[in-house]
Amino acid sequence: MDYAYHVIVAGAGNAALCAALAAREASAKVLILEKAPNELRGGNTYFTGAAFRFPHDGLDDIRRLVPDLSEAEAEAVDVGAYPASQMEDDLRRVSEGKADEVLTEVLVEQAYPTMLWLRERGVRWVLLYGRQAFEVDGKRRFWGGLVVEAVGGGSGLSDRLFELAVQAGIEIRYGCGASGLLKDEEGAIRGVVLASGEGIEARAVVLACGGFEANAEMRKKHLGRGWEHAKVRGTEYNTGDGIQIALEAGAAPYGDWGGCHAVAWDLNAPPFGNRRIGDLYQKHSYPLGIVVNSNGERFVDEGADFRNYTYAKYGREILKQPHRAAFQIFDAKVKDLLRDEYRIPEATKASAGTIGELADKLGIDRPGLERTVAAFNAAVQPGEFEPARLDGKRTAGIKPPKSNWALPLDSPPFAGYAVTCGITFTFGGLQIDREARVLDRRGQPIRGLYAAGELVGGLFWGNYAGGSGLMAGSVFGQLGGWNAALEALMGS
């Protein structure tokens, strides 16, 4: 039988576009189906900060990705090294040992080669100066396993991948959400049914159309009550369609269906992502201050670890607070260390000469905040403050503690930022093998069906290491696209 396409890719974010490019590279005829209209294309990728986590042995490896880094720039940075063993340990540690062993192994092994693959195809990288480096002894020291981001952030990455897809001769259809999968008489997947009812045949399908974070009903069902009120950081089109049609076709559900990536997000941000603001509604400098609820009470250890390893679970804690709101409080000592997102005019913020006045401006219980700050200041222990490492500068005698970067709030003016919970993506999804083939409930590959990106389950449980989602999307997107093309071409 003749098919119009060798491979159909459902979705148009980072994972989907990597899959399409890899499939085309294998000489397949590829069709991308994007649920969103052209002007809203790109999935969650468009809204990310575009940082990627990968192992490396130091500056030489980084310069292969950023070849235009000058000698002067190279001398002014300390990127350290991030061995594969440490990346694997980090992924297992934040998931409390629950991350799928095979997928974790593949992700770590293929991360750096995939970064090179993207670079060789025209994706450009720059150092993450603004978000992942502090000045130490005259050098910008990078921390937390992240060193580079795509040029132009998430929107730049998305636009570049689309340019590469068009240059490769890949067809893209917009406004085409998938509502079902076509099967042949032997049960192999042989195409996609669109929401319009039209069927498009292909020898293989790669599902890479996101999780269910934009589906309030599914959030409430799987994440629990209250999650229907969370703001969505990214696209409104990730409503779990790809997961649903795969399950209907016999795929196995897998992973942490009760978990998600959720962060501190501006209290007055819109319900879904704003393409002009991008990821700047996030507020991720909380390790430099304290976080309180409307009663003025602290409820997390702001310095438990580098923010890369705590930010994705603290959104859940904010959702539990009164009015689903929290407030990040800083003093003048750390003002210049705050990330750029704190300086946008859209930030919900206030400043004041005293803690009491700040509480009044933000709507926090004044006596409660004054008590909390006084107790916190008294609990701060002596030690050297060093934001580029786990400095052990902590509190004693209060709960929750602050384990690192504890500085007294004693230098006015004081600043406060109001935040709520912003959900990024969901952790539960489909089960795949090391070749990105979707598995059925017996653990067997479903012929003709592959998956990548945020609809894959098993990699993330309860928490998340910053930059690993985009990296996983690229790794399994490339694998899924390439293997789908090989299956399709061998069957031609």
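This passage describes a sheet, a loop residue and a pair of helices in a predicted model.

The sheet is open and consists of three strands in the order β3-β8-β5, with antiparallel pairing. Its edge strands are β3, residues 51–53, and β5, residues 125–127, each of which pairs on one side only. Direction ignored, neighbouring strands of this sheet are turned against each other by 45 degrees on average. Between β5 and strand β8, which covers residues 146–150, there are three bridges, and the two strands run antiparallel. Within this part of the sheet, Trp125 stands opposite Ala150 in β8.

Thr239 lies in the loop that links β13 (231–232) and α9 (241–248). The relative accessibility of Thr239 is 16%, and the residue therefore counts as buried, the cut-off being under 20%. Its side chain makes a polar contact, at 3.0 Å, with the side chain of Asp241. When neighbours within four places in sequence are left aside, the residues in contact with Thr239 are Lys35, Gly211, Phe212, Ala214, Asn215 and Met218.

Two packed helices are described by the angle between their axes and the distance between the axes. For helix α11 (residues 355–362) and helix α12 (residues 366–379), the axes come within 9 Å and cross at roughly 135 degrees. The two helices are therefore oblique to each other, and α11 passes α12 in a right-handed crossing. On the α11 side the contact is made by Ile355, Gly356, Glu357, Ala359 and Asp360, and on the α12 side by Arg366, Leu369, Glu370 and Val373.

Key:
Residues are numbered from 1 along each chain as its sequence is written. This is a predicted model: local features need pLDDT of at least 70, side-chain atom pairs count only at pLDDT 80 or more; totals for chains, interfaces and linings use all residues. Side-chain values use heavy atoms; hydrogens and water are left out. Two strands pair if DSSP finds at least two bridges between them. Helices (H or I, at least four residues) and strands (E, at least two) are DSSP runs, numbered from the N terminus. Axes are lines fitted to C-alpha atoms, for helices over the stretch in contact, and angles run from 0 to 180 degrees between N-to-C directions. Buried means under 20% relative accessible area, exposed over 50%, partly exposed in between (1.4 Å probe, protein chains only). A polar contact is a pair of N or O atoms within 3.5 Å; within protein, one must be able to donate a hydrogen and the other to accept it, and residues adjacent in sequence count only if both atoms are side-chain atoms. Contact means heavy atoms within 4.5 Å. Angles under 35 degrees count as roughly parallel, over 145 as roughly antiparallel, 65 to 115 as roughly perpendicular and the rest as oblique. A crossing is left-handed if the near helix is turned anticlockwise from the far one by less than a right angle, and right-handed if clockwise.
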